[in-house]
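Reader: I would like a close look at a single part of this model. Please start with one residue and then place it in the rest of the chain.

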Amino acid sequence: MKLTWKRITVHTTYPFRIARPGSSVKGDGTDVERTIAAIEHDGVIGYGEAAPTPYYNQNLDTVEDTLAKAGLMLGDDPEDIDGIIDRLLDQFDDHRAAVSAIDLALHDLLGKIRNKPVWDILGLNPADTPMTSMTIGIDRLDLLPEKVKQAFDFKILKIKVGTDADVETLTEIRRLAPKKLVRVDANCGWPADRIIECMQDILPFDLEFIEQPTTAKSYEAVKKAREQSPIPLIADEDSAKPSDVEKLVGVYDGINIKMAKCGGIREGIRMIKLARENNMQVMLGAMVETSLGISGGAHIASLVDYADLDGHLLLADDPYEGLIVREGKVLPGNGPGLGVTWKG
């Protein structure tokens with residue numbers, strides 16, 4: 001199998017900001033750079049997307065350096081996804097964004113060879129997919145009406161918090177969307193010694209759950225907050241790969257899994273199984289990605305409790321098509337593989 005790649009730049013409709021440093025959205029807050037991997041076997045090509053983030057010490061250069069080495073390790077059996085990913089993670093455990101691109105490309109390739117969508121190969125039913133939330137990043141209060149209007153078709157909003165304006169932001173959100181389900185994501189933004197205080201400030205806004213309230217590995221602080229929280233606490237930055245799950249048992253109520261963090265579909269399913277074995281809730285999220293990157297999560301979203309698969313919907317110029325948005329759900333299509341194609 002032959003592995004090649006290229007860089008692309010896409011742009012968010014609005015500047016996208018979160019509480020912590022290390023976001024992969026650059027420039028004025030709208031530039032998103034990604035690497036597209038392609039794996040060819042007997043004239044059939046599968047595609048995947050790498051969405052690295054500086055928070056995990058990954059960028060396009062580290063992705064492409066990893067891809068150059070990984071291309072020599074693929075072998076010539078597209079059916080051997082488990083064996084290939086095992087080999088790659090043995091060498092590139094800290095470079096899972098690159099491994100994810102290869103995993104997605106292998107699943108896309110296998111689906112095209114078998115002429116089946118990935119969800120069908122995995123024995124899943126997209127009808128069981130939960131509704132996705134639409135994310136509203138940290139921004140000026142006067143821009144919230146326009147952003148809420150853009151999310152009109154979605155019943156769930158995910159609001160980025162973690163600043164001194166949390167209460168003001170949620171007050172405006174509730175004025176604009178009094179009946180919508182609202183979840184919040186602090187992206188490590190609350191100080192560990194103030195989680196309970198910050199949480200109590202926003203609980204009156206009728207929230208579904210709180211995602212990653214403080215910096216990663218602040219286990220004791222989160223555990224104390226969880227004891228006083230009437231709503232679930234969901235790990236995100238704390239939940240990068242399968243080996244993280246056991247550390248979070250008794251600390252968080254659930255985990256957020258992202259293809260680009262964990263290493264793709266194979267590793268995502270492993271994390272789901274580990275979480276279920278420990279009676280934890282599961283959320284499936286994404287970076288700001290094109291439809292190609294989001295498609296990996298869309299094919300396995302029927303396995304989880306919560307979905308936040310709106311990364312491609314935040315783009316002004318998504319170059320791919322094939323995902324379906326229906327009744328607030330982001331669904332995979334029935335085409336072979338990941339079912340996503342380049343618009344051009």
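Is Asp-318 buried or exposed, judged by its relative accessibility?

Author: Asp-318 counts as buried, because its relative accessibility is 11%. The cut-offs are these: buried means under 20% relative accessible area, exposed means over 50%, and partly exposed is in between, with a 1.4 Å probe and protein chains only.

Before going on, note how the values were obtained. The model is predicted, so local features need pLDDT of at least 70 and side-chain atom pairs count only at pLDDT 80 or more, while totals for chains, interfaces and linings use all residues. Residues are numbered from 1 along each chain as its sequence is written, and side-chain values use heavy atoms, with hydrogens and water left out.

Asp-318 sits in a loop, with strand E12 (306-307) on one side and strand E13 (320-321) on the other. Helices (H or I, at least four residues) and strands (E, at least two) are DSSP runs, numbered from the N terminus. With residues up to four places away in sequence set aside, Asp-318 touches Thr-290, Ser-291, His-312 and Lys-343. A contact here means heavy atoms within 4.5 Å. Leu-74 lies 244 residues from Asp-318 along the chain, and the C-alpha atoms of the two are separated by 29 Å.

Pro-332 also belongs to a loop, this one between strand E15 (329-331) and strand E16 (341-342). Pro-332 counts as buried because its relative accessibility is 5%. Apart from neighbours within four places in sequence, the residues in contact with Pro-332 are Trp-119, Pro-126, Ala-298, His-299, Leu-323 and Ile-324. The distance from Pro-332 to Gly-297 is 9.0 Å, C-alpha to C-alpha, with their positions 35 residues apart in sequence.

Phe-16 is a further loop residue, placed between strand E1 (2-11) and strand E2 (25-26). Its relative accessible area of 14% means that Phe-16 is buried. Phe-16 and Lys-160 are 144 residues apart in sequence, yet 9.9 Å apart in space, C-alpha to C-alpha.

Now take a residue in a strand. Val-184 is part of strand E7 and counts as buried, at 0% relative accessibility. Setting aside neighbours within four places in sequence, Val-184 is in contact with Ile-159, Val-161, Leu-170, Ile-202, Leu-207, Phe-209, Ile-210 and Glu-211. Of these, Ile-210 is 26 residues away along the chain, and its C-alpha atom is 5.1 Å from that of Val-184.

The loop after strand E7 (181-185), which leads to helix H7 (195-202), holds Cys-188. Cys-188 has a relative accessible area of 9% and is buried. Its phi is near 70°, a positive value in a residue other than glycine. Gln-212 likewise has a positive phi, near 35°, and is not a glycine. Most residues other than glycine have a negative phi. Gln-212 is in the loop between strand E8 (207-211) and helix H8 (219-228), and with a relative accessible area of 0% it is buried.

The chain as a whole has 12 helices and 16 strands. Of its 344 residues, 58% count as buried. Among contacts with a separation of 6 or more, 69% are between residues 24 or more positions apart. The C-alpha atoms fill a box of roughly 60 × 40 × 40 Å along the principal axes. A compact globule of 344 residues would have a radius of gyration near 20 Å, and the chain, with 19 Å, agrees. That radius is taken over C-alpha atoms, and the globule rule is 2.2 Å times the number of residues to the power 0.38.

Last comes the largest pocket, whose volume is about 410 Å³. Of the 19 residues that line the largest pocket, Tyr-56, Glu-237, Ala-240, Lys-241 and Asp-244 are the closest to its centre. A pocket is an open set of points on a 1 Å grid over the protein atoms alone, where a 1.4 Å probe fits, with protein on both sides within 12 Å along at least five of seven lines; lining residues have an atom within 4 Å of a point. Grid points are joined across faces, edges and corners, and a volume is the space filled by probe spheres set on the points. The lining of the largest pocket divides into 10 charged, 5 nonpolar and 4 polar residues. Ala, Val, Leu, Ile, Met, Phe, Trp, Tyr, Cys and Pro count as nonpolar, Asp, Glu, Lys and Arg as charged, and the others, Gly among them, as polar.
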